[in-house]
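I kept this notebook page open while looking through the chains and how they meet. Here is the structure I was working from.

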Amino acid sequence: MNLTYSGTETIPAPKQTVWTFITDPAKIAACMPDLISSKIIDVRRFDAVVGVAVGLVRGKFTFHVTLDPKPASDHLDMKITGGGFGSVVDLIASADVAEADGGTTLAWTGSATMRGPVATVGGRVIDAQAKRVIETTFANVKSRVTSATV
Amino acid sequence: MKITVTVNGTRYERETEPRTLLAYFLREALGLTGTHVGCDSSSCGCCVVVLDGSRAVKSCTMFAVQADGHAITTVEGLAQGATLHPLQQGFWDAHGLQCGYCTPGMLMTAYALLQRDPDPSEHAIREALSGNLCRCTGYQNIVKAVRQAAAMMRTAASHAPASEAPASAPASAPEPVAP
Amino acid sequence: MSTTTEQPAFDRRALGVAMKRKEDPRFIQGRGRYLDDIVLPRMLHLAIVHSPYPHAKIVRIDKSAALALDGVVAVLTGEDLAAHGLAWIPTFHGYDKQMVLAVGKVLYQYQEVAGVIATSREIAHDAAELVEVEYEPLEPVVDPFEARTDRVVLRDDREHKTNHIYHWEVGQREATDAALASSDVRIKEKLYFQRCHPAPLEPCGAIADMNAATGRLTLYLTSQAPHAHRTVVSLVTGIPEDKIHVVSPDIGGGFGNKVPVYAGYVVSAAASVVLGVPVKWVETRTENLTTTGFARDYHMEVEIGARSDGTVNALKVTTVADHGAFDAAADPTKYPAGLFGIVTGAYDFPVAFTELDAYFTNKAPGGIAYRCSFRVTEASYAIERGIDLLARKLHMDPAKLRCKNFVRKEQFPYPSPLGFIYDSGDYHTTLNKALETIGYEDLRREQAEKRARGELMGIGISTFTEVVGAGPSKHFDIMGIKMFDSAEIRVHPTGSAILRAGTKSQGQGHETTWAQIAASELGLDPQNIIVEEGDTDTAPYGLGTYASRSTPVAGAAIAMAARRVREKARGIAAHLLEVSEADVEWKDYTFRVRGIPDRSVTMQEVAFAAYTNPAPGGEPGLEATYYYDPPNLTFPYGAYVAVVDVDRETGFVKVRRFLAVDDCGTVINPMIVEGQIHGGLTEGFAIAFMQEIRYDASGNHLNPNFTEYLVPTSLETPRWETGSTCTPSPHHPIGAKGVGESPNVGSPAAFVNAVMDALAPLGITHIDMPLTREKVWQAIRGAGG
Amino acid sequence: MFPAAFDYHRVGSIDEALSLLREHGGDARVLAGGQSLIPAMRYRLARPAVLVDINGLDDLAYVREDEDALAVGALARDATLEMHPLIHSKYPLLADTSAVVADPVVRQMGTVVGSLCHNDPAGDWAVAALAAHACVVVRGSDGARVVPIDEFLVDSFSTAVGESELALEVRFPTPPLRTAGAYQKIERKVGDFATASAAVRVTLNDDGTIGRAGVALGAAGPKATRVRAAEELLYDARPSRELVRAAADAARSAADPAADTRGSVAFKKEMAGVLVGRALVTAFARLGVEGLR
């Protein structure tokens, strides 16, 4: 099944600060909700283990994340592959940063493709969780950049 | 864990892992293979057994440990010796089965239905059996079979002396402990 | 009619009697013996690891964590099987092969990648989760029209680097095109017959038991074709066929799903050979729905040309078939698209042409005959929808249009433009009976009133003909084995008998109907004829039960074997009656002296004599075997009428009435025939309204369990009305034609025709099955309804 | 499929259950009817280390009216309501709902409170509970609290019940005189989750105007959705076709469903409206107000 999500955060910080933050694997990893562990592989890649607890579904998802920044267009692509529960989740997220009144807007979209039993049996559960992972990650970006800036 | 269950009137004490589903416990620990498993999602009803004499439950969606201290009736417990239960007779007479795989679950669900409704309408039967799938019969002869059984049981009940157990009662009295 | 012999204790007119089923006592008492009921000493359990990807390279498989788990005995991969030459096996089609466990890459989601053997099922499943497989995803090809471009070629193991599997055609292309071009009226419509799955309630399974001491491999299989499976196993493994014993126990429904050979069978066999102990594999519902034989998945385009008075001129059907990752369609060798040539149906087309191209995609393999005689369902749907579309275009009543174009009774045997010789039929009588029974004229009047009020009521007709009973050895084989079938009858001294056949009942009631055929030929009590099938050590060789072939082929073999027994018995009777054989006639189920009917002996008396008092110089005993090679196929047919009401607001279709009038020739047991029709109609209903295997654009299987693969319950299922006419097959020994599949073949078009009839006032002409609420609602909305 | 291994405790008291939940936190799950939990465990989507089986607490199997509500205990099965004469005579919304949850065999085990705690966005009981303005009694180590249903349903599969708490009872307020409700559900077949569902409850005042109204949707958002706009339209108005249509329109607008195998967003939104309309027509008809269809 395929799911898409999107949102916009307005961050009271200069565009460059936001850009630097979101292209740093260590910083992005730290923004993932319920992060159990992470391993930075290089400047573009990291692995993360995220706890999943939605209703009766509880377990771990392991993600391999690759960042692909396109500074010329202030655009970041993120490819996230991984899974858990004998299933595979592929997430493709992208973010555009732009200057705005008093700060920077971070417009993001994400789409998740799930494969395996989870997709059909736990679809409604995992949908909610994937959405939460993406939303919370970008919300955390906002709060951390903001608190670092203020 | 050690559990004690009374199945078709016989008490059994067995060790079981908590994760063992009741259907597999009946089939593998007790050798009562009349209870079948046809899915993993509690959809098909091949595994229906009767809990404590009156409730039809899906034994693949219940752990054996939950049955500790309870009584279970399976398809093997329907006939009284050589005498078929009216439902079994009805299914045979009305061609209420083909491959036979769903049949035990159908029988047990119908058994519970007739306990609470001795004269169910066609719709009531279809409603009550809607948690049991059949791929062969198209249900029509199953409905017919249940109606025949209901009629037989009503007749038997109206003729039976008050002291006699109704035809639907599971074998109960002596509870020999199985080895 | 008076007779001086004593009345027997049973009704000798065994044929045509609604005899209660002999197999039922064990099933209603929970004493059936299905595969998973069998437990052998020291038995281990197999669980299979499946790919989450529809198309990916296998980079690495790490068994170590699984092997480290307590209770795990072995983990097998495709590489391990390759060492035994078992990584690939031929499909039933012969010209393709399929992976048992993936080697190098996976080609569909849920494909089998590894097998874990452990001391319990639970541990096997625990360990299956621990097998680490690293994949490198490849682009999946889900759509056969995309596959056709060969932009991504899926099968790198094949010599020809293309997704195209084969092209097949039959009929006259140019003449058909010309006739279409010169027709007054033409219709052309794309019809997709969706991918479905038979989903018998008992999943597939195997127990392999290699006895190292005897060198014999016993395979308990959920097999509709145990002899064919024995031969395949022998060919694949090199184990001599005498060292393989296939036992097909009670089967909890097959519907074509239990014809192919599956990975679990091969892996459990390989594991038992390697480990020397029995290994059981019972698939989960998810495995059943995602990896075992699917059916249909035909993208058809139907064209019909007709004169303005409705007389049909020509038919053309062009099909793109989606076969999934391997060509595992279980069709006879010379018929890659099965018997799709029946697509001219019950109508007298002067000329016709059909062609089909099959493609590989990243989906599960299959293409099995799901309650269907090799693609007859797809063909019947195409023609019956096509005729309705033509009626709509001509503003003609669909019943009248059908009557106008039916092959007439006097035209039989009728050579169809696509190469079949229809053996018999009387289509007008059967349709007229259906129309009268259901009150067609009244229904049309009611519909007119309802339409005036804006209500959506529809009446749909389907007058299909089947072609079943594969088949004559001249044309029909599977992997070279001719499609005959066989029977062996042994009459015991006391007049009871054992009958063995090469078929395998999965609910059809062979233990009863086979006994009835033999009893009616032998004058014995059918209650005392035990029927045994499914054990390759004891039953004569046969191709099994599918494609409605059991009664046309094995049923004939039984009648012929019984007649052989009777011929032998005649000699013994002559000896007992002290007359010459020529003076003995078989009349009223008894041997009688011609002209002196009082002098007679029963078959029981003859049987006793066969063992106690054989004719001098004659052979003792009373048994016979017959291998029946049918001279032609049989052509059961029917006229079905569906009445529906459509809820404009929600798109819900209520099937208010459904009448099936079937003609399957001679009826062996009317109760069983009716049961088969109820069941087939229910599956046809399911296909028309809810059953579908879908894959999303990424190749994810969307229906891997019964919460998503929708099987109708007693509440959704309509109440069926049935009727019959009888046009016996002229070439079958008892005139029977086969019936199990007719209702599933004929009904989908009746349902869809009824819904399209209901929606006709809105200008809606076609919606592809399944006709879900949403699709109907969308169509109504799109039409401004 | 076979569940992963776990430890099993069958508790003899609520306190024992609470103490186990406290001890094991998120690793433990409460086993009541088990009709969602056990299939999830078979698919290994759920793999709790500990199961706390409350099925021995027979005291919680009640369905009874007290001073101001119908109280349904944590072990009251769906079938108990389905077959309860009181429910049929006085709580038509609950009677309707109880007859369409899952399938009749599953309903023999499944519980009302368990369904609320599972909070599947396509579940049935949460929708009925919203329309009926129910509340849930939640017990922790510090005692019990009563949580209004709107607060109880937090998000998809998530409720106000803490890890070491137990939902003990759902309370459906005693309906005032001249109150009726209805539940409408579209499912692809028996046993399916809702493609769309709607629950309504209305009270008629003596003057024929509508008093309190409850309107809620299932499968129309991340959790069961109260349609406030429809409730406000109904309040103080008189039943009419126009009113029903307006309430249905409000439901259609309020619905925010996700597309899935059960249907597209457009179809589910439309069905939300159709079902609210039909549920209102049924509920009013139960109050003797006909001719609204």
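Below are my entries, starting with the chain contacts and ending with a helix and a single residue.

**Entry 1: which chains meet**

I noted first that this is a predicted model. Which pair of chains has the most contacts? Among the five pairs that touch, the answer is chains B and C. I also looked at chain A and chain B, and they do not touch; their nearest C-alpha atoms are 9 Å apart.

**Entry 2: chain B against chain C**

I began with the residues involved: 49 from chain B are in contact with 53 from chain C. The area buried between these two chains is about 4200 Å², and carbon and sulfur atoms give 54% of that. On the chain B side, I found that B:W92, B:R135 and B:Q140 lose the most area to chain C. Together they account for 21% of what that side buries.

Next I turned to charges and polar atoms. How many salt bridges cross the interface of chain B and chain C? The rule finds seven. I looked up the one between B:E28 and C:R121, where the closest N and O atoms are 2.5 Å apart. The count of residue pairs in polar contact between chain B and chain C is 25, taking pairs with both residues at pLDDT 80 or more.

Then I asked which elements of chain B supply the contact. Those giving two or more residues to the side that touches chain C are α1 (22–29), α2 (86–93), α3 (103–116), α4 (122–128) and α5 (140–159) of chain B. The largest share comes from α2(B), with five residues. By type, I can divide the residues on this side of chain B into 21 nonpolar, 18 polar and ten charged.

**Entry 3: chain D against chain A**

I went on to chain D and chain A, where the contact takes 20 residues from chain D and 13 residues from chain A. The two bury about 1400 Å² between them, 64% of it on carbon and sulfur atoms. In chain D, the residues losing the most area to chain A are D:R29, D:L45 and D:F157, together 45% of what that side buries.

My search for salt bridges across the interface of chain D and chain A gave zero. The count of residue pairs in polar contact here is also zero, with both residues required to be at pLDDT 80 or more. I sorted the chain D side as well: ten nonpolar, four polar and six charged residues touch chain A.

**Entry 4: helix α10 of chain C**

I checked the length of α10 (residues 376–394) of chain C. At 1.5 Å a residue, its 19 residues should span 27 Å, and the end C-alpha atoms are 27 Å apart, so the two agree. Is this helix largely enclosed or open? Since 17 of the 19 residues of α10(C) are buried, it is largely enclosed by the rest of the structure. Just after α10(C) comes C:H395, whose phi is positive, near 55 degrees.

**Entry 5: C:T666**

My last stop was C:T666, in the loop between β31 (653–663) and α17 (670–689) of chain C. Buried or exposed, I wondered of C:T666? The relative accessible area is 18%, and buried means under 20%, so C:T666 is buried. Leaving aside residues up to four places away in sequence, C:T666 touches C:L15, C:C726, C:P728, C:I734, C:G735 and C:A736. With C:I734 I found a polar approach too: its backbone oxygen lies 2.6 Å from a polar atom of the C:T666 side chain.

Note on methods:
Residues numbered from 1 in each chain as written. Chains lettered and ligands numbered in written order. Predicted model: local features only at pLDDT ≥ 70, side-chain atom pairs only at ≥ 80, totals over all residues. Heavy atoms only, no water. Helix = DSSP H or I, 4+ residues; strand = E, 2+ residues; numbered from the N terminus. Buried < 20%, exposed > 50% of the residue type's maximum accessible area, 1.4 Å probe, protein only. Polar contact = N/O pair within 3.5 Å; in protein donor to acceptor, adjacent residues only side chain to side chain. Contact = heavy atoms within 4.5 Å. Buried area = accessible area lost by both parts, 1.4 Å probe. Salt bridge = Lys/Arg side-chain N within 4 Å of Asp/Glu carboxyl O. Nonpolar A, V, L, I, M, F, W, Y, C, P; charged D, E, K, R; others polar. Expected span 1.5 Å × (residues − 1).
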